[in-house]
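Morning, everyone. I have one structure to walk through today. Let me put it on the screen.

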Amino acid sequence: MKISFSKYQGAGNDFIIIDDRKEFFNTSDASLISRLCDRRFGIGADGLMLLRNKEGYDFEMIYFNSDGGLSSMCGNGGRCIARYSKRIGTSGDTAVFIAADGVHEAKITGSSVKLRMCDVLQIENAGDFYFLDTGSPHYVKMVEGLALYDVYNEGRRIRNSPRFQNEGTNVNFIEREPGFLFVRTYERGVEDETLACGTGVTASALVASLEGMCGSPGSCEVKTQGGRLKVYFTRTGPSSFKDIWLEGPAVEVFTGEIGYDGSK
């Protein structure tokens with residue numbers, strides 16, 4: 001079997017994208033998805049996305065984590081698949097598509113893609129951390145010395161703690177630096193730190209806004225290990241936000257075909 005694919009990255013968060021408008025891809029084959037995402041035996045990626053037809057929309061985005069499991073929304077993935085959709089002709093400089101958490105709008109300007117995220121109606125303040133859903137669940141904690149922080153082990157501990165071990169959560173650590181918010185994220189499904197996480201950057205920016213850590217009341221400049229992103233928002237209540245947009249680069253890395261015989 002040969003599979004045609006494209007590889008994209010958004011701020012170092014990388015994805016395999018497959019045109020599945022004919023619905024040939026077996027979405028129940030977690031071992032295949034895991035193999036394709038494997039950085040030694042496959043293409044290598046943080047996740048895999050299928051682009052499918054969906055009546056009333058430019059396309060449907062179906063996202064899988066690198067462990068092969070069907071996942072919730074991926075912000076950087078959404079930005080990348082919007083650019084891919086333009087390349088294959090299923091949308092233009094603007095796109096309206098449906099994903100696991102609902103409808104999204106994307107706008108492409110040059111090398112940047114801006115994606116409308118879902119509204120956030122509630123943010124839990126647990127004292128030493130915040131918890132919220134930006135299309136995927138996110139734990140957000142303020143720390144000091146983030147550049148040298150043990151994100152992998154501390155993130156893994158929190159993700160597997162009694163509260164989160166069944167459903168899992170993404171774990172974000174944030175620190176205010178001059179001119180921007182620094183964010184590092186441990187992602188469930190990848191089970192490691194990724195260079196960026198779109199829904200995590202969004203969650204972190206909203207928490208930073210509550211804490212007065214953003215440079216302006218309606219936006220937040222964010223630095224990740226893989227690059228810069230920006231989040232725009234309108235605060236509607238003590239812990240609620242609407243008109244949330246995630247903006248940053250979305251780049252095609254390469255295209256190709258890969259053979260798969262069902263074994264490692």
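Start with Y57. At 30% relative accessibility, Y57 counts as partly exposed. Y57 is found in the loop between strand 3 (47-52) and strand 4 (59-65). Together with V96 and V103, Y57 makes a nonpolar surface patch of about 230 Å². One caution before I go on: this is a predicted model.

Next, helix 4. This helix covers residues 198-210, which is 13 residues. From first C-alpha to last, helix 4 reaches 19 Å, close to the 18 Å expected at 1.5 Å a residue. How many of the residues of helix 4 are buried? The count is 12 of the 13, so helix 4 is largely enclosed by the rest of the structure. The buried residues run G198, T199, G200, V201, T202, A203, S204, A205, L206, V207, A208 and S209. Just after helix 4 comes G212, with a positive phi of about 70°.

Now a residue that touches helix 4. F233 sits in strand 15, residues 227-237. Leaving out residues up to four places away in sequence, F233 contacts A205, L206 and S209, among others. Those three are among the buried residues of helix 4. The contact list of F233 also includes C214, P217, G218, S219 and C220. Then there are F241, K242, D243 and I244. F233 itself is buried, with a relative accessible area of 5%. For a sense of distance, take G135: F233 and G135 are 98 residues apart in sequence, and 15 Å apart in space, C-alpha to C-alpha.

One of those contacts deserves a second look. D243 has a phi near 50°, a positive value in a residue other than glycine. Most residues other than glycine have a negative phi. D243 lies in strand 16, residues 240-249. D243 is partly exposed, with a relative accessible area of 31%.

On to helix 1. Its buried residues are L32, I33, R35, L36 and C37. What covers the buried residues of helix 1? The cover includes strand 1 (2-10), strand 2, strand 3, strand 4 and strand 17 (251-259).

Cysteines next. How many disulfides does a search of the whole structure find? The search finds 0. C80 is in no disulfide, and the nearest cysteine sulfur, that of C74, is 7.9 Å away. C80 is buried, at 0% relative accessibility. Why does C197 have no bond to C74? The sulfur of C74 is the closest cysteine sulfur to that of C197, but at 6.5 Å the two are too far apart for a bond. The cut-off here is 2.5 Å between sulfur atoms. C197 also counts as buried, at 4% relative accessibility.

Now the charges. The structure holds 16 salt bridges. I will take a few.

First up, E23 and R52. Their side chains meet in a salt bridge at 4.0 Å, N to O. E23 lies in the loop between strand 2 (13-19) and helix 1 (30-37), and R52 in strand 3, so the pair ties together parts that are 29 residues apart in sequence. E23 is partly exposed, at 49%. R52 is buried, at 12%.

Then E191 and R159. The closest N and O atoms of this salt bridge are 3.0 Å apart. The pair links distant parts of the chain, 32 residues apart: E191 in the loop between strand 12 (180-187) and strand 13 (192-194), R159 in helix 3 (residues 151-159). E191 is partly exposed, with a relative accessible area of 23%. R159 is buried, with 12%.

Stay on E191 for a moment. Its phi is near 60°, a positive value in a residue other than glycine. So E191 is another one to look at when we go back to the screen.

Another pair is R184 and E193. Their salt bridge has its closest N and O atoms 2.8 Å apart. Is R184 buried or exposed? R184 is buried, with a relative accessible area of 8%. E193 counts as partly exposed, at 23%.

Last, a network. K7, D14, R39 and D46 are linked by salt bridges.

That is the tour. Questions, please.

Methods. Residues are numbered from 1 along each chain as its sequence is written. This is a predicted model: local features need pLDDT of at least 70, side-chain atom pairs count only at pLDDT 80 or more; totals for chains, interfaces and linings use all residues. Side-chain values use heavy atoms; hydrogens and water are left out. Patches are made of residues with over 30% relative accessible area and no salt bridge: like charges are joined within 9 Å, nonpolar side chains (Val, Leu, Ile, Met, Phe, Trp, Tyr) within 5 Å. Accessible areas come from the Shrake-Rupley method with a 1.4 Å probe; for residues, only the protein chains shown count as cover. Helices (H or I, at least four residues) and strands (E, at least two) are DSSP runs, numbered from the N terminus. Buried means under 20% relative accessible area, exposed over 50%, partly exposed in between (1.4 Å probe, protein chains only). Contact means heavy atoms within 4.5 Å. The expected span of a helix is 1.5 Å times one less than its number of residues.
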